Amino acid sequence: MPVSREIHLVARPTGLPREDQFTVVEVAVGDAADGEVLVQNLYMSVDPVMRFQLNGMAPLNETLRGAAIGRIVQSKSPAFAVGDIVSHYLGFREYFRSDGEGLTRVSTPEGLPLTVHLNALGMTGFTAYGGLLRIGQLKPGEQVFVSAAAGAVGSVASQVARLKGCRVIGSTGSPEKAAWLRDVARLDAAINYRETRIGEAVRDAAPEGLDVYFDNVGGDHLEAALACMNLLGRIPVCGMISGYNGADVAVRTLSAIVQRRVMLRGFNLMDFQDLREPFEREMTGWLRSGDLRSEETVLQGIGQAPAALIGLFEGRNLGKMLVRLG
Ligand SMILES: NC(=O)c1ccc[n+]([C@@H]2O[C@H](COP(=O)([O-])OP(=O)(O)OC[C@H]3O[C@@H](n4cnc5c(N)ncnc54)[C@H](OP(=O)(O)O)[C@@H]3O)[C@@H](O)[C@H]2O)c1
């Protein structure tokens, strides 16, 4: 009978979460009963949005939820066979039993790693693709700025913009990640916002102004981008991570929205489900040809999950932050 270790929240954080606000708990899972499967998680996705769960949605002393992929290791369900790979939102644990609800069988295109389902070919990549193309209405030849451009969504969004024929500026918080943006992602300009003033840096890097700003950060990055937006520019707001731990992230350039008739819109992937087929086709092609890199930072073992989550707010990841289990 498998024993599963899982992550519980034991105290609600204010500000940046601390590792002592989480704990690892061992539970006996039991074998699959009739109609059930037993899933062994292989990789867990660690996402900034989980910070909101910690404020109240996630009950204390229960398993945290999160996206993951796992393998069916026992099946008493006609819907799944042992060895099937499934994606789901029941992560932050090593094993669990399920009646199949919420499990989606995935097949990995030949030549690509399993983790691509949590990265460029999964929700991360789809968010970047649809946010940029549908919400941002991206057109070839445009001037694009992506913040947190070396992170999971940002690294895909910035490379998609480059592949669609745009001039792309990316911002990040370390010299190593700025070098990755220039040398590997092949962006036209990379800004390290910790070494320079973001407002001046965006202005200098965008002499022709910005047509699209893909916002992952909010606050000072949004303020800087708004100051440079061209007439009828678009700002797909993917996230505003600079404010997730309660920092004051006031934006003083909002009047640009009216003056330059800028469209600013938040979104999630439910807004463009019709793009799934072209997304999967184009993304698979770019990944196979090597035109787009699905970068990842992998920590080993469930005990690393709290550090991985906290690390997102400290910029410890290049590409997608994952925890490998087993
Ligand atoms: N709308 C949606 O459906 C959706 C879906 C997924 C994600 N999101 C949002 O998209 C954004 C990126 O998510 P992700 O999963 O791709 O995470 P990520 O970018 O892989 O990780 C977060 C990154 O944000 C940067 N960061 C953290 N605090 C910052 C701050 N105060 N100022 C500037 N940069 C900061 C760090 O990179 P640096 O080292 O470069 O600072 C860090 O690596 C988040 O805002 C998230 O909430 C939205």
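**Figure 1. Thr63 and its polar contact with Glu6.** In this predicted model, the side chains of Thr63 and Glu6 are joined by a polar contact of 2.6 Å. Thr63 sits in the loop between α1 (50–57) and β4 (68–75), and with a relative accessible area of 16% it is buried, because buried residues are those under 20%. Leaving out residues up to four places away in sequence, Thr63 touches Glu6, Ile7 and His8, and also Gly91, Phe92 and Arg93.

**Figure 2. Ile7 in strand β1.** Ile7, one of the residues that Thr63 touches, belongs to strand β1 (residues 3–9). Its relative accessible area is 0%, so Ile7 counts as buried. Although Ile7 and Thr23 are 16 residues apart in sequence, their C-alpha atoms are 5.8 Å apart in space. Apart from residues up to four places away in sequence, the residues that Ile7 touches include Phe22, Thr23 and Val24, then Glu62, Thr63 and Leu64, and also Ile302, Ala305 and Pro306.

**Figure 3. The surroundings of the ligand.** The ligand is surrounded by 26 residues, and the closest of them are Thr172, Lys177, Tyr193, Tyr244 and Asn317. Sorted by class, this shell holds 13 nonpolar residues, 12 polar residues and one charged residue. Two helices, α3 (152–163) and α9 (305–313), each contribute at least two residues to the shell.

**Figure 4. Backbone atoms beside the ligand.** An oxygen atom of the ligand lies 2.7 Å from a backbone N or O atom of Val153, while a nitrogen atom of the ligand is 3.0 Å from a polar backbone atom of Cys238. For Met240, a backbone N or O atom lies 3.5 Å from an oxygen atom of the ligand. Taken alone, the ligand would expose 910 Å², and the protein buries 87% of that area.

**Figure 5. Met240 and the loop that holds it.** Met240 is placed in the loop between β12 (229–237) and α7 (256–259), and its relative accessibility of 34% means that it counts as partly exposed. When residues up to four places away in sequence are not counted, Met240 touches Asp215, Asn216, Val217, Gly218 and Leu222. Met240 and Pro48 are 192 residues apart along the chain, and their C-alpha atoms are separated by 9.6 Å.

**Figure 6. Helix α6.** Eight of the 10 residues of helix α6 (residues 219–228) are buried, so the helix is largely enclosed by the rest of the structure. Among the buried residues of α6 are Gly219, His221, Leu222 and Glu223, as well as Ala224, Ala225, Leu226 and Cys228. Leu222 is also one of the residues that Met240 touches.

**Figure 7. The largest nonpolar core and a second, separate one.** In soluble globular proteins, nonpolar side chains tend to be buried together. The largest nonpolar core here has 38 residues, of which Leu132, Val160, Met283, Leu287 and Leu292 touch the most other members. Two or more residues come from each of α2 (123–135), β8 (143–146), α3, α4 (175–183), β11 (210–214) and α8 (276–289). A second core, separate from this one, has 22 residues, including Ile169, Ala206, Tyr213 and Ile235. Within the largest core, Leu292 can be followed in detail: setting aside residues up to four places away in sequence, Leu292 touches Ala120, Val156, Gln159, Val160, Leu163, Met283, Trp286 and Leu287.

**Figure 8. Ala178 in helix α4.** Ala178 lies in helix α4 and, at 4% relative accessibility, counts as buried. Not counting its neighbours within four places in sequence, Ala178 is in contact with Thr172 and Ala190. Ala178 and Ala120 are 58 residues apart along the chain, and 20 Å separates their C-alpha atoms.

**Figure 9. Two residues with a positive phi.** Most residues other than glycine have a negative phi. Ala148, although not a glycine, has a positive phi of about 45 degrees; its place is in the loop between β8 and α3, and at 28% relative accessibility Ala148 counts as partly exposed. Leu232 is not a glycine either, and it has a positive phi of about 60 degrees. Leu232 is found in strand β12, where its relative accessible area of 46% makes it partly exposed.

Terms used:
Residues are numbered from 1 along each chain as its sequence is written. This is a predicted model: local features need pLDDT of at least 70, side-chain atom pairs count only at pLDDT 80 or more; totals for chains, interfaces and linings use all residues. Side-chain values use heavy atoms; hydrogens and water are left out. A residue is near a molecule or strand if one of its heavy atoms lies within 4 Å of it. A polar contact is a pair of N or O atoms within 3.5 Å; within protein, one must be able to donate a hydrogen and the other to accept it, and residues adjacent in sequence count only if both atoms are side-chain atoms. Accessible areas come from the Shrake-Rupley method with a 1.4 Å probe; for residues, only the protein chains shown count as cover. Helices (H or I, at least four residues) and strands (E, at least two) are DSSP runs, numbered from the N terminus. Ala, Val, Leu, Ile, Met, Phe, Trp, Tyr, Cys and Pro count as nonpolar, Asp, Glu, Lys and Arg as charged, and the others, Gly among them, as polar. A nonpolar core is a set of buried Ala, Val, Leu, Ile, Met, Phe, Trp, Tyr and Cys residues joined through side-chain atoms within 4.5 Å. Buried means under 20% relative accessible area, exposed over 50%, partly exposed in between (1.4 Å probe, protein chains only). Contact means heavy atoms within 4.5 Å.
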